[in-house]
Amino acid sequence: RFVVFKKVSGGLAEADGRLKTSIIPLEDSLTFNSMNTLVSNALNGKQVKKIPALPNIKTRTRKLEEAERQKRDRKKDQARQKAQEDQKPPQQTFSANDGSKEGRRLERERRRAEHNAENNVKPKTPEEIKEMEKKRRERMEEEAAKWKIEGEDEAEEGTLFEEEETGDEEFEDIDDEEEDDEDVLDLD
């Protein structure tokens, strides 16, 4: 990560024109001889690579180095996972479940079979299913009896429900305001 930048032409002032630079990376180990040849190549213009703009240079900090290390680790993990996925044979679910009605049905059956195998579920016989249905109907009838739900209370479509009169209702006469005034005594 050691590089040398060299100004090719131009400068920072407007009269100088656009600043053009080149870069030379250090590819050998960090020794005196390799550094010496790097600087001499930069001065002589050998092995230079022109760059369109100056790169953002970040100073080396612990936080930056840690972030870069994590980034490299993530890339390695992604490459490793991709290699593992390439080695796996394609699963039947992708070929069977193509989004069609038949594919979805096959997927459901496969998952049902896996679930039954994992949980030791045995299929129910038709007699067991009929018995379960009979018990369910009996429970529903018991619940209906608790709530007093019967077919007689249901109204036909288009008819309105009428409330039963119990006779406990009070009638308040609003029009007799004069009578209320007579009951009030004036104490003045």
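Which side chains meet in a salt bridge at 3.0 Å, N to O? The legends below start there; keep in mind that this is a predicted model.

**View 1. Arg69 and Asp73 pair up along helix H2.**
The answer to the opening question is Arg69 and Asp73, whose side chains form a salt bridge with an N to O distance of 3.0 Å. Both residues sit in helix H2, four residues apart, or about one turn of the helix. Arg69 has a relative accessible area of 36%, so this residue is partly exposed. Asp73 is also in the partly exposed class, at 30% relative accessibility. If you're counting such pairs, the structure holds eleven salt bridges. Side chains of opposite charge can pair when their charged atoms come close.

**View 2. Glu107 takes part in salt bridges with Arg110 and with Arg111.**
Start with Arg110: its closest N atom and the closest O atom of Glu107 are 2.8 Å apart. Three residues separate the two along helix H4 (residues 101-118), so they are about one helical turn apart. Now swing over to Arg111, where the closest N and O atoms of the salt bridge with Glu107 are 2.9 Å apart. Here the spacing is four residues in helix H4, which again comes to about one helical turn.

How exposed or buried is each partner? Glu107 is buried, at 7% relative accessibility. Arg110 is partly exposed at 25%, while Arg111 is exposed at 53%.

**View 3. Salt bridges link four residues into a network.**
Pull back a little from the previous view and Glu114 joins in: Glu107, Arg110, Arg111 and Glu114 are linked in a network of salt bridges. Glu107 and Arg110 supply the 2.8 Å contact between N and O in this group, and Glu107 and Arg111 supply the 2.9 Å one.

**View 4. Three strands make an open antiparallel sheet.**
In what order do the strands of the sheet run? The order is S1-S2-S3, with antiparallel pairing. Strand S1 (3-9) and S3 are the edge strands; each has a single partner strand, so one side of each lacks a neighbour in the sheet. From one strand to the next, the twist averages 35°. Zoom in on S2 and S3 and you'll find three bridges between them, in the antiparallel sense. As an example of bridge partners, Thr21 is matched with Ile51 in S3. Strands of a sheet pair through backbone hydrogen bonds, either parallel or antiparallel.

**View 5. Ser22 is tucked into strand S2 (residues 20-25).**
Is Ser22 buried or exposed? Ser22 is buried, because its relative accessibility is 2% and the cut-off for buried is under 20%. Leaving out neighbours within four places in sequence, Ser22 is in contact with Val4, Phe5, Lys6 and Val8, and also with Val48, Lys49, Lys50 and Ile51.

**View 6. Val3, Phe5, Leu54 and Ile57 make a nonpolar surface patch.**
The patch covers about 370 Å². Ile57, one of its members, is found in the loop between strand S3 (49-51) and helix H2 (62-87). With 66% relative accessibility, Ile57 counts as exposed. Phe5 ties this view to the previous one: Phe5 is part of the patch and is also among the contacts of Ser22.

Notes. Residues are numbered from 1 along each chain as its sequence is written. This is a predicted model: local features need pLDDT of at least 70, side-chain atom pairs count only at pLDDT 80 or more; totals for chains, interfaces and linings use all residues. Side-chain values use heavy atoms; hydrogens and water are left out. Patches are made of residues with over 30% relative accessible area and no salt bridge: like charges are joined within 9 Å, nonpolar side chains (Val, Leu, Ile, Met, Phe, Trp, Tyr) within 5 Å. Accessible areas come from the Shrake-Rupley method with a 1.4 Å probe; for residues, only the protein chains shown count as cover. Buried means under 20% relative accessible area, exposed over 50%, partly exposed in between (1.4 Å probe, protein chains only). Contact means heavy atoms within 4.5 Å. Two strands pair if DSSP finds at least two bridges between them. Axes are lines fitted to C-alpha atoms, for helices over the stretch in contact, and angles run from 0 to 180 degrees between N-to-C directions.
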